[in-house]
Structures are given as C-alpha cells and as structure tokens.
2 protein chains.
Amino acid sequence: MTNLSDRANAAAEELRVIFDFFQTYRKDVVDEDVVADLTFGNPHEMPLPELVETLKTHIEPKRVDWFAYKTSEEEPRKAVAAALGKELNLPFAPEDIAMTQGAFGAIALAFTLLMDPGDECILPVPGWFCYTTILRAQNSVPVTVPLLDDSFNLDIDAIERAITPRTRIVVVNSPHNPTGVVYSREHLTELAAMLERKSAEFGRPIFILSDEPYRRIRFDGVPFTSPAEVYPYTLIDYSYGKILLAPGLRFGYLAICPNMPGEFRAELSQLAVSTQVAQGWGFPDAPMQYAVADLEKLSIDIDALQAKRNRMHDALTQWGYNMTKPAGTFYLWGKAPGGDAVSFTQALAKHGVYVMPGTLLDRPADFRICLTANEGMIEACLPFFEEFAE
Amino acid sequence: MTNLSDRANAAAEELRVIFDFFQTYRKDVVDEDVVADLTFGNPHEMPLPELVETLKTHIEPKRVDWFAYKTSEEEPRKAVAAALGKELNLPFAPEDIAMTQGAFGAIALAFTLLMDPGDECILPVPGWFCYTTILRAQNSVPVTVPLLDDSFNLDIDAIERAITPRTRIVVVNSPHNPTGVVYSREHLTELAAMLERKSAEFGRPIFILSDEPYRRIRFDGVPFTSPAEVYPYTLIDYSYGKILLAPGLRFGYLAICPNMPGEFRAELSQLAVSTQVAQGWGFPDAPMQYAVADLEKLSIDIDALQAKRNRMHDALTQWGYNMTKPAGTFYLWGKAPGGDAVSFTQALAKHGVYVMPGTLLDRPADFRICLTANEGMIEACLPFFEEFAE
C-alpha cells in the first residue's frame, strides 16, 4: 500500500499479526458465546461498583467550567505525585506528572519527547506488542534484545552491545508482560550501572522508560522496585486500566523521576504539555481527571487473581505444561505443546477456548494465558488444556 | 533547549505564544473573578442537562465488557455515518468513520496517515493555532497562505503557487475560526478544480482536510457546503466539543469522503485503526462511544448564540470598531483600535475583560472575541469596549 504515508504503513505492518488476530477474535469471541476467553486483558465480570459510582459522582457538574478544556490538571497531578511518591519513596512534585490517556498515550509521549527520526529504542523481547507500532509511526527505530532464556531477566550484556550513539531509550517493563517476572532491585541496579557508563561514554543520557501498568498487580507479597529508584534518567508510564480492569477508560500518566538533574526535569515537564497538545490533545477526559484521587484507592481483587493464577498454573504444570509462575501481571506464559503456538491455539479455539499465540509476541513456540477470565471460564477450559497436553 | 528531541522543541516553539498566553490566562482568569472571559471556546454556563443525563446513562454498565478496550466501535460509526450522510447528502459507510478523541485527534490522525517527514501541508492564515504544532511534532512542514484581505475567502491562486511535489494536504476550515466565514459551494468548487488540476500534474492526489468542528454552528440560516461534496479526496474532522460546548470531553471523528476512489477509501479505513493505536490508543473513552448516537441530537442554543453575536457586533460597530459579522463559529474577528492587539487586549484586561490578541493567530493588528461568554459577561464588558474605541 503506497497511496498513504510510509510511516502509517510501517506502523500497520508492525501491528499486522495482532490486527489479524484481533479481527478474528472480535468475530469469533466477542460476538459469540465461548467457553473461555484467555486472550487480552479485558474484563469478564461486571465492573467494580465503586468505579461506576465514582464516575457518576464526577460526571455531575459542580461549576460552569466542569467540561471546559483540561490539560494536566493540578488536583490529579497532586494526587498522583503523593500516591506514587509514597509507593516508590521518591519525592515527586505535581509538575513531574503528565496526565495522559492511559499508558499508551504516556509511552507515545515519552517517545516523542526524547526521540527524533532515526533515533533508537531498545525493547526486550518477548514484550508488549505495541511499542514497535508507536515507534514506526514516529519514524523512530525499535531495536529488539531477547530476554535471558531461563530467568526472563534482562540480558544486560546484550543490551550494552545493542547500544549505539543513536540509542535514546531502553524500555523496562516490570512486572513483565508476558512472563510475569518482577525484576529485583539488584538486577535493576546492575542495568543502571551499565547505562550510566554508556551515557558517560556518549556524553548524553540514555533514558529508561519504565512501563509499569502492572506495578500494583503482584502476588505472594513480592516487593517491587521501579527503575526510577535506582536510575535518575527514568520516566514512568502508568495506566489505571489494569488495576481497575477498565481499559476502555483512558487515563494514566507519565512521571518524571525526581532524582533527574533539574534542567532535564524542568524541560520534560514543560515540553510534555505542548507535546501532548501535538499528539492530539492527549489529556484524559475531564471526569477522569476529577476521579483520579478517588480511583487511586480502588483495585480489583488481587487475592482472587492470585487464586486463579494458582489454579491454572498448578493444573497445567501437573499435566506436563512448561509454564512460568508469574510474580505479577495478568498473565501465564509457557511452551505450546508440540512447539507450534498457532496449531495449539487453533486446536483449543475449536473447543471455544481462546489463548494468545506467541506469534504475537515474537515467540512462535510459546503462548500466553490471560487471567482476567472469570472463575467459571477457568474451570470450564481446564479439561481442554488437559486434552491437548503433550 | 537541546536535551530533548528537536521535534518536541519545534512543536513547543510553534505553541509558545499561545502557551504563554494560556499560562497568564489560567492565573488571571480561570482562578479569579473577572468581568468577562472572551478568550477560548470554553463554557461559561452550566452544561446542558441532557448531556449530563446521557453521560450518566452510558456510565451504567450493561455488560461485563462495558469498559473493555474500544477501538472505533460499530454502533457509533453507524450513528455518525447516518447523521453525517444526511447532513451532507453523501453515502458514508460505517467503515468511513474513525472515532477519535475530538477533532484534535482526528487532525493528528489525518496528518500521520497522509504525510511523511518533509511533506507539506498548506494552512490558510489567520487560522486555528495548533495545526503547526501537530505538524512539527510529526516532522512535517506547515506552509502558510494568507486568506484574501476583504472577503476572508481562500486565495486559490496563492494556494496554487504554494503547491509543490511535496504538498499532501490543504486544510480548509469552514465555518472559519477566527473570521466566522462560511465558504460558498461555488468557492469550494473553484478550489476543487484547481486541486484536481494540480493532482493530475503531479500524478498523485492532494487531499483536503476539511476541519468542520463548527459545521452546525451557523447563523441566519446560511447554508453549508463541505469540501467533501465537491472534491472526492477529502477527509472531514469533527468534534462534539463545540456543539455541546464541552471540550473537556474528548470525542469526535475523522470521516472519509465516500466519493473517494475505492482503493484510497479502503486503505484509509484500514490504516486508521493501526495509526490510532500508534497515536497512543487514540479512540474515545467507552462511555463516549456509547453516547454518540444520543449526543448527535443535542446542541447548545444557537439562537441565543446568534443573539449574543448581534448584540456584540452591533454595539462594537456603532462605536467605530471594524468587525466581521460571522456567519458561523463562536467568534467575532476585528481590527484592534490603535492597530496593536497586545496593547489593546492588555488595556481591556486591566478592567477584567479578556479577549484574544491576534498575535496568537499570526495577525498582530487584530483581535478575537469568543461568544461562549454568558450574557451577563457580554453586557458587563461593553462599556469597556466603548471606552477603548478609537
């Protein structure tokens, strides 16, 4: 397709395998009764009642300018700075917080703020399937580096080898989609030391974009360290779409690490506003901004999610599946029996059980299970997993 | 500022004069009691009660996937295709409609779909102040062409001279911000003929982006023609933020002219989805998508707006101001007494009356009045306009 822009075509090409999967999914799953939908991080139970009540409260106009233009408003910035500061033990100021339309918007914002055409961004794989699409639409260059095979930790040596003078950003996603790994403080400190060395070598900082939408979705009390705690040139993106299991409500933020040298911190804060305007007025809807302080306190039931994780992991492992036991996120990640994710997922789909083939995540022998399915779905799908075990 | 990307800096530079004005405005106007705020298209009366009721209705979840990921959903696309088709007498299909976060998102989407870095977009001036910011963030090139002096019609000969092999888009904004002009069918047909000729010359179509957020805000029964009615290579962007006077709710659309050759039409429709994903999941929040069909029927009181236009225009004209009589939009446009918009607007501001200096619109001798001020503000500000008349 050459009638439209090269970049729109390049972005589409990166998304093609997901797009095709999604079209089929929409037809076969969303519009049909299925046994179990274990694909995307979408809700399969009614929304939290407190979420609905909070939204209704903040739809009610209290002033004439209730639905006037909003940028990053002072109140939500204060609420986020306080909550995030407490969570990470870092002194965020309200000016460090850019209110965005979800983590998606925050990621696109970070890329535009830091990268010009031809600049490079390092992406560990397997990983989330939209970074490359966003980069290509911006004429920036994704550079993929495989995670370590067994631990799914970052391959810090390989990342170092992939760094060039054009490298602007290394993306770190913890808790990690799809493996569920939560990186230790020690591991991130090692990464930070390498990036400090390489930044000094090139005379300009390489940034970490810490993609943390699953930050609060962790099991067994595993601790969390943000790269921002150990590396000053860090931007954090966050979405409320996971913790509230409501990705159709677009709100999240980009946060600037307060340990960043003041000049960078101030420039990022100032340029975020105009860059969000340039993205297409990339600020959350007015009611979402009013709701942030209240919604900061809400969460889906993490214990119930952990129970689903245990049930699924233990059952599949018992039948011989080679699965990760995730420390966080919505996902179980594992080897497809037979080694071909597409055959395996299609065989399951014939029985109304839908999982995500690893082809969508650059790993055609693996597959991903999403635990946002309800308990009924999880019980109902297990016999089919048993049937297709090796 | 060179620590961040060149493009983020270039986008900020385009917005600087507006940004500085807005910072002062926010401090002096939004947070204070003023006599009259006649600056931005923001509400100064409580929102439409039907708007609030409709939002509350659609916040109430009716299915488990109520707040699941939404792209351009089938129901709002159908509703828009039907309503817009009736309005413009063109056979839009649901697939021609991309649901966006307001006109801002639709404009950014159109630019990415059609333009690569270095490609050029022709912008009539004076005009809306954010096109250039969006283009610079995308590494595309704004090319400004002045409107005709007296009529504020497009200068079709000057546009023709500005066209190069890199020209991809000509922006047409009718009803026009800030002049209030509504272009006639005859005038647009002339533009279309020139663009057809130039497109043939270069062997590829030059597109019109028809920026129509004020399409339904017209006075005295003046008819409206969309460029889409006379030129097949037209994309229409629209926002519900004007007709509902609720710009803090982000929803609108990009519509593909159904007369466009099928190959282009299909490509645009298909690439819109992935490009919106790449923008940062640029689709409206779930509740807004459910609400579209209902909100299509709502409007602020256009007769009341027309009465405010008449009152303001007649008063100022009587005191010797040289003002346009707008056929549409929220705005009155005119010459600043003394010929210096900044001095004039600052003098008014000392009395608590805020208007927009033409410096924000590339016309430092002119000024803009926004009629979204309430009737009390309009009555209260008139004595100060009388005082500062020449």
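Before we start: helices and strands here are DSSP runs, at least four residues (H or I) for a helix and at least two (E) for a strand, numbered from the N terminus. Keep in mind that the model is a predicted one.

**Exercise 1. Find where Leu245 of chain A sits, what is unusual about its backbone, and whether it is buried or exposed.**

Step 1: locate the residue. Leu245(A) belongs to the loop that links strand S7 (234-239) to strand S8 (252-256) of chain A.

Step 2: check the backbone. Its phi is near 45 degrees, a positive value, and the residue is not a glycine. Most residues other than glycine have a negative phi.

Step 3: count neighbours. The cut-off for buried is 20 or more other C-beta atoms within 10 Å. Leu245(A) has 24 of them, so it is buried.

Step 4: repeat for chain B. Leu245(B) has a positive phi of about 45 degrees and lies in the loop between strand S7 (234-239) and strand S8 (252-256) of chain B. With 24 C-beta neighbours inside 10 Å, Leu245(B) is buried too.

**Exercise 2. Pick out the cis peptide bonds that lead into Pro126 and Pro175 of chain A, and place each proline.**

Step 1: take Pro126(A). The bond joining Val125(A) to Pro126(A) is cis, with omega about 0 degrees. This proline is in the loop between strand S3 (120-125) and helix H5 (131-137) of chain A.

Step 2: take Pro175(A). Going from Ser174(A) to Pro175(A), the peptide bond is again cis, with omega near -10 degrees. The loop in question runs between strand S5 (167-173) and helix H7 (185-202) of chain A.

Step 3: put that in context. Most peptide bonds are trans.

**Exercise 3. Describe how strand S6 of chain A is covered and how it pairs with S5(A).**

Step 1: check burial. Strand S6 (residues 207-211) of chain A is mostly covered, with five of its five residues buried.

Step 2: sort the side chains. Phe207(A), Leu209(A) and Asp211(A) point one way, while Ile208(A) and Ser210(A) point the other. That's the pattern to expect: in a regular strand the side chains alternate between the two faces of the sheet.

Step 3: look at the pairing. S5(A) and S6(A) run parallel and are joined by five bridges. Asn173(A) is the residue opposite Asp211(A) of S6(A).

**Exercise 4. Work out the strand order of the open four-stranded sheet in chain B, then see what H12(B) does around it.**

Step 1: write the order. The sheet reads S1-S10-S11-S9 in chain B, and its pairing is mixed.

Step 2: find the edges. Strand S1 (36-38) and strand S9 (331-335) of chain B each pair on one side only. Neighbouring strands are turned against each other by 30 degrees on average, ignoring direction.

Step 3: zoom in on one pair. S9(B) is antiparallel to strand S11 (residues 366-370) of chain B, over five bridges. Gly334(B) has Phe367(B) in S11(B) as its bridge partner.

Step 4: add the helix. H12(B) lies across S1 and strand S10 (353-357) of chain B, at about 90 degrees to S1(B).

**Exercise 5. Decide how H10 and H12 of chain B are oriented, and which residues meet.**

Step 1: get the geometry. Helix H10 (residues 302-318) and helix H12 (residues 375-387) of chain B pack at an angle of about 5 degrees, and their axes are 11 Å apart.

Step 2: classify it. Angles under 35 degrees count as roughly parallel. H10(B) and H12(B) are therefore roughly parallel to each other.

Step 3: list the contacts. From H10(B) come Lys308(B), Arg311(B), Met312(B), Ala315(B) and Leu316(B); they meet Glu375(B), Ile378(B), Leu382(B) and Phe385(B) of H12(B). By class, that contact has six nonpolar, no polar and three charged residues.

**Exercise 6. Characterise the side of chain A that touches chain B.**

Step 1: size it up. In this contact, 68 residues of chain A meet 68 residues of chain B.

Step 2: find the main contributor. H8(A) gives the largest share of chain A's side, 11 residues.

Step 3: split by class. Chain A's side has 40 nonpolar, 16 polar and 12 charged residues.

Key:
Residues numbered from 1 in each chain as written. Chains lettered and ligands numbered in written order. Predicted model: local features only at pLDDT ≥ 70, side-chain atom pairs only at ≥ 80, totals over all residues. Axes fitted to C-alpha atoms, helices over the stretch in contact; angles between N-to-C directions. Parallel < 35°, antiparallel > 145°, perpendicular 65-115°, else oblique. Contact = placed C-beta atoms within 7 Å. Nonpolar A, V, L, I, M, F, W, Y, C, P; charged D, E, K, R; others polar. Pairing = 2+ DSSP bridges. Buried ≥ 20, exposed ≤ 12 C-beta atoms within 10 Å, placed from the backbone.
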